[in-house]
Amino acid sequence: MTAAPPDTLPAASGDRIASYRARWWPDPWWQGAVLGGVAVAGLVLFLAPLGGVDIARFNGYGLISVLPVLSLLGIAAAVIAFSVGLCLPRAYPAVLGIALAGIVICLDAVTVFTEPEPRFPTSYQIAGFVEYVSRTGHAAPGLDAYFSWPGLFAAVAFLQHVTGNHDLIPVLRWWPVTVDMACLVPLCLIMGNLRASWRAKWLAAFAFEAGNWVGQDYFSPQAFNYFLYLSLIAILLNWFRSPMPLAVPVPRGKAAARGKPVPRWERTLRDWLSWWRSWISVFSWWRPWFSVPERGETEPGPTTRAQRAILLTIVLGLFVFSTTSHQLTPFDMIAACLGLVAVRRCTVTGLPVLMAVIVTAWVSFAAVGFWSGHLSALFGDLGNFGGNLTSSVADRITGTAQHRQVLEIRSGFAAVMLAMGAGGLLRRRYRAIDDRILIALLCMPFLAFATQSYGGEIALRVYLFALPAAAVLAAYLFFPSGRDESGYQWRALVPVSACAVAMVMAFFVARYGNEVFEQTPSGEVSAFDYLYEHDQGPIRLLWLSPAPAVDNTPQMPWEYQDIEKIEFLPELAPRNPASLTSLIATLRGEGPDSYLITTSTQESYLTQEANYIPGWGAAFRARMAATPGVRIVYANADAVIYALDFPPGSPANPPVIATANPVSKGTVLTPIGLAVLVLLLLVLVAREYVRVCLGAPRRLIRRLTLPSLPLLVAFVVIVVLRFIVIS
Amino acid sequence: MLACAIVVAGLAGVGLALAGSGSPLRSPLVLLFLATAPAMAVAGLLRGLDVAARVFVSCVAMIVINACVAETMLAIGAWSARTGLVVVVVIAAVLRAVQLPVVRDRSRPCAEAVRSVADRLERM
C-alpha cells in the first residue's frame with residue numbers, strides 16, 4: 001500500500017465540507033443569511049414577550065386574545081421569510097429547516113411558555129393510566145376502556161421503571177411539540193417518493209404543521225400512533241412500491257400485424273376514444289385533462305431480499321404495537337394500505353388482510369372488556385354515514401357567539417385545506433401528472449364516517465388522517481411542477497405568503513380557541529394534589545356537567561394518579577346557581593365519602609360551551625358557601641372542594657371501583673378460535689414473506705392462499721359467534 | 001469508535017438500572033442505551049439503504065422493539081422492568097451478533113443453502 005500524498009487528506013475533507021455547504025447552504029450565501037436572520041429575528045420576537053402574557057384575560061377566542069401583537073408580527077415575519085425562501089432559485093435547506101422548526105415550536109409549544117402547567121385535561125388522565133400500570137404491573141380493563149389498548153401505557157411505564165424517573169409533568173409539557181416535529185420525518189420520506197419540486201415539498205411540510213390544529217398531539221396513545229401511521233406509509237412507499245413498468249415499444253405497421261390480433265371490441269373502444277379526443281382537442285385548454293398522465297412518483301430504489309424481509313418485520317411489529325395501543329389508528333393504517341394496493345402502488349397486496357386479521361383478533365380476544373355488554377356502542381353507528389357526519393360537525397357547534405365562531409373557523413379551516421388539496425390535484429392533472437398515491441391517502445380516511453361516530457369526534461380524526469395528503473396536494477396548488485423549476489418564482493410569493501400567514505393566524509384560533517377551559521391553572525393541580533394526599537379509601541367526587549349522560553369528561557387535571565381510589569361522577573350543573581336543592585340532595589344521597597368539586601375551567605366550559613349565564617361560577621360558589629350544612633374542604637381561586645356535614649355515626653357508603661376485567665362467560669369458542677387464529681396467521685405471514693422476498697412466485701402464493709381461505713372463513717365465523725355468545 | 005463509546009456508556013446505564021442505583025447518571029445512560037443499541041443493531045442489517053432512510057427505519061425498529069417488549073410483559077402478566085431491560089439487551093446483542101464476521105463466516109454454508117432454496121422457490 002503506497003503512502004498517501006501529504007495534501008490528500010486536508011483536500012478531501014475540504015471537498016466534503018464544500019459539498020455539504022453546496023447542498024445545505026448554496027451560493028449566493030448572503031440570500032440564505034438574510035432569510036435566516038429575518039426568520040430567527042421573527043421567532044425571537046414571537047417568544048420574547050410571551051413571559052408577560054396574562055392567561056387570566058382569556059376570552060372565548062382563547063389564546064389569540066392575549067397574545068401580544070409583537071408576537072404575532074414576529075411569527076408572520078418568520079413565515080414570510082420562509083415563503084420568500086421558496087421563491088429563490090435554489091433551496092437553502094439549512095435555513096428553511098431552521099425556520100420550519102422554529103415555526104413548529106411557536107405553533108405547538110407556545111403554551112409551554114405562557115401557561116404554568118401542561119395543558120389539556122385528558123393528558124393528565126393518560127398519565128394516571130401510566131401511573132397505574134407502573135405501580136401495579138397490570139392493566140385495569142374494568143376501570144376504563146383505554147385499558148383494553150394499554151400498549152403505550154406499558155411502554156412509558158417500562159421507561160419510568162428502568163430510568164427510575166416517575167415524573168411525567170415534563171413529558172406532558174413537551175410531548176406535543178416533540179411528536180409534531182417527529183411526524184415531519186416520515187412525511188419527508190413519503191414526499192421523497194413524489195415527483196415534485198423542492199418548493200412544493202417544503203411548503204407541504206409547512207402546510208402539514210400549520211394545518212394540524214386538531215389538537216390530538218397531547219400525551220396520548222393517538223398522538224404516538226399518528227407518528228406510527230405516517231411511519232408505516234413511509235416504509236410501504238419507500239420499499240414496497242410497485243416498480244415502473246418497463247417501456248415496451250408499441251408495435252406498429254408490420255410488427256403489429258405479426259403480433260396478436262386486436263379484439264374487435266378493443267378496436268371499437270379505441271376508435272370511439274380517439275374520436276372523442278379529437279373532438280375535445282378543438283378546445284385546446286381541455287386537451288391535457290384527457291392525455292395519458294405520467295406517474296406522480298419516482299422509481300423506487302433497489303433492495304435486497306434480506307432487507308425486504310427485515311422491513312416487513314418492522315412493518316408487522318409496528319402494526320402489532322399500534323393494534324395494542326389505540327383503537328382507531330390500526331383501521332386507518334389498514335385503509336391507507338388498502339388504498340395503496342387498490343391503486344397498484346403497493347407490492348404487499350395481502351398485507352391489508354393480514355392486518356385486518358390481527359386487529360380483529362385483538363378486539364375479539366383481548367378487548368372483551370370493551371365490547372362485552374355494549375355491542376351497540378361498537379356497531380350502532382355502522383353505515384350511518386350522514387348521522388356520523390352531522391354528529392361530529394354540525395352538532396358540535398354550540399355555545400356563546402365567540403365559541404361558535406372558533407368552531408366555525410375550525411370547520412372552515414378543514415374545508416379550505418381540503419379544497420386547496422382538490423385544487424392542487426386539478427393543477428397536477430392539467431400538467432398530466434398522475435397523483436394516485438395522494439388521492440388514495442386523501443380519500444381512504446373518509447371511509448371512517450361510514451363506521452363510527454367516535455363520540456362525535458370522527459370528523460376531527462378523518463381530517464387528521466387525510467391531512468398529510470391534503471397538505472402535499474395543497475402545496476401543488478402553488479407549485480404544481482413535476483421537476484425543480486429554475487429561476488426565481490416571484491409570481492408565487494404573494495399567494496404563498498398570504499395563505500401561509502392566514503393559516504398560522506387561523507391555527508392559533510382553531511387550535512387554542514378553547515384555551516379558556518383546556519388550560520390547566522396551578523390552583524386546580526393543587527386541589528387534586530390535596531385530594532390525592534388525603535385519599536385514604538375510595539371516595540366519590542361529583543363534578544358539574546351540562547349533560548351528565550353524554551358530557552362525561554371534566555375540564556380539570558383528573559385521574560393523574562390513584563385512579564382506582566376516586567370515582568368521578570358527572571352531575572347536572574343547575575342552570576340557576578341559586579337553586580341548589582337537587583344538587584345538595586344528590587350529594588347527600590351519595591353518603592359521607594362523597595365530595596363535590598368545581599373548577600374555574602369547568603365553569604368557563606359551562607359558560608362557553610353550554611350557554612350558562614356569565615358569572616355562573618362566582619354565583620355558584622357564593623351560593624354554596626352560604627348553604628347551611630355545606631363544608632368547604634379545600635379552596636383556592638381556581639378550585640373549590642365541598643363536602644356535606646353528616647351526623648356522627650352515619651353509615652359509610654364507599655364506592656366499589658372494579659379494576660379487573662369483567663368475568664366473561666366461558667365458551668368453547670375461545671380455544672378453537674385461538675387455534676384457528678394461530679394457523680391463519682402462520683399462513684398469511686408466510687404468504688407475505690414469500691411475496692416480498694421471493695418476487696411473488698404465483699404457484700407458491702396460490703398454494704398458500706388456498707389453505708388460508710377456509711381458515712379465514714372459520715375465523716370470521718368464530719369471531720361473530722363470540723360476539724353473539726359473550727355479549 | 002463513537003458507537004463503541006455509546007454502547008459502553010449505555011451498558012453502564014443498564015448496569016446501574018439492574019442494580020437499582022439512585023445515581024443521577026442512570027436515567028440518561030439507560031435512555032441512551034434503549035435509544036441507540038437496538039437502532040444501531042438494526043441499522044447494521046440495513047446497509048445499502050439511503051442514510052436518512054436507514055436512520056429513520058432503525059429508529060422505528062428501536063421503538064417497536066422497546067414497546068413490544070413492554071407490551072408483551074403486560075399482556076402475559078409477567079411485568080418486570082429488569083427482565084424487560086435484559087430482553088432488550090439480548091435482542092440488540094443477537095441482532096448485532098449475526099453481523100459479526102465470525103458468525104457470518106460460520107453460517108455461510110447454511111446461508112447459501114437457504115439462498116438456493118429461495119432461488120428454487122422463486123422460480124415456481
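How many of the 13 residues of α9(A) are buried? The tour returns to that helix after an overview of the two chains. The model is predicted.

**Stop 1: chain A as a whole**

Select chain A and colour it by secondary structure. The chain contains 29 helices and seven strands. Of its 727 residues, 44% count as buried. For contacts in chain A between residues at least 6 apart in sequence, 82% join residues at least 24 apart.

**Stop 2: chain B as a whole**

Hide chain A and display chain B. Six helices and zero strands make up its secondary structure, and the order along the sequence reads α-α-α-α-α-α. The radius of gyration of chain B is 17 Å, well over the 14 Å that the globule rule gives for 124 residues, so chain B is more spread out than a compact globule. Aligned on the principal axes, a box of roughly 60 × 40 × 30 Å holds the C-alpha atoms of chain B. Buried residues account for 34% of the 124 residues of this chain. Among contacts in chain B between residues at least 6 apart in sequence, 41% join residues at least 24 apart.

**Stop 3: where the chains meet**

Display both chains again and select the residues of the contact. Chain A contributes 37 residues and chain B contributes 33 residues. On the chain A side, the elements that supply two or more residues are α7 (151-163), α8 (169-191), α10 (221-239), α13 (305-325) and α29 (698-726). Highlight α13(A), from which the largest share of that side comes, ten residues. Colouring by residue class shows 20 nonpolar, 15 polar and two charged residues on the side of chain A that touches chain B.

**Stop 4: helix α9 of chain A**

Now select residues 198-210 of chain A, which form helix α9. This helix has 13 residues and reaches 18 Å from its first C-alpha to its last, close to the 18 Å expected at 1.5 Å a residue. Twelve of the 13 residues of α9(A) are buried, so the helix is largely enclosed by the rest of the structure. Among the buried residues are A:Trp202, A:Phe206 and A:Phe208, and they also include A:Arg199, A:Lys201 and A:Glu209. To see what surrounds them, add α3 (69-87), α4, α8, α21 (458-478) and α22 (493-512) of chain A, against which the buried residues of α9(A) pack.

**Stop 5: the pair α2 and α4 of chain A**

Keep α4 (residues 93-108) on display and add α2 (residues 29-47) of chain A. Their axes come within 9 Å and cross at roughly 10°. The cut-off for roughly parallel is an angle under 35 degrees, and α2(A) is therefore roughly parallel to α4(A). From α2(A), the contact is made by A:Gly32, A:Leu35, A:Gly36, A:Ala39, A:Leu43 and A:Phe46, and from α4(A) by A:Val95, A:Ile98, A:Ala99, A:Gly102 and A:Cys106. Eight of the residues in this contact are nonpolar, three are polar and none is charged.

Centre the view on A:Val95, a residue of α4. Is A:Val95 buried or exposed? With 25 other C-beta atoms within 10 Å, A:Val95 is buried. Beyond its neighbours within four places in sequence, A:Val95 is in contact with A:Gly32, A:Leu35, A:Gly36, A:Ala39 and A:Gly85. For a distance check, pick A:Glu457 as well: the two residues are 362 residues apart in sequence and 37 Å apart in space, C-alpha to C-alpha.

**Stop 6: helix α20 of chain A**

Select residues 436-443 of chain A, the span of helix α20. Its buried residues are A:Ile437, A:Leu438, A:Ala440, A:Leu441 and A:Leu442. They pack against α10, α14 (329-342), α19 (401-430) and α21 of chain A.

**Stop 7: two residues with positive phi**

Which residue lies in the loop between β3 (539-545) and β4 (566-572) of chain A and deserves selection here? The residue is A:Asp562. A:Asp562 has a positive phi of about 45° although it is not a glycine. A:Asp562 is partly exposed, with 15 other C-beta atoms within 10 Å.

Finish at A:Asn611, in the loop between α26 (600-610) and α27 (616-626) of chain A. Here phi is positive at about 60°, and A:Asn611 is likewise not a glycine. A:Asn611 counts as partly exposed, with 15 C-beta neighbours inside 10 Å.

Note on methods:
Residues numbered from 1 in each chain as written. Chains lettered and ligands numbered in written order. Predicted model: local features only at pLDDT ≥ 70, side-chain atom pairs only at ≥ 80, totals over all residues. Contact = placed C-beta atoms within 7 Å. Helix = DSSP H or I, 4+ residues; strand = E, 2+ residues; numbered from the N terminus. Nonpolar A, V, L, I, M, F, W, Y, C, P; charged D, E, K, R; others polar. Buried ≥ 20, exposed ≤ 12 C-beta atoms within 10 Å, placed from the backbone. Rg over C-alpha atoms; globule rule 2.2 N^0.38 Å. Axes fitted to C-alpha atoms, helices over the stretch in contact; angles between N-to-C directions. Parallel < 35°, antiparallel > 145°, perpendicular 65-115°, else oblique. Expected span 1.5 Å × (residues − 1).
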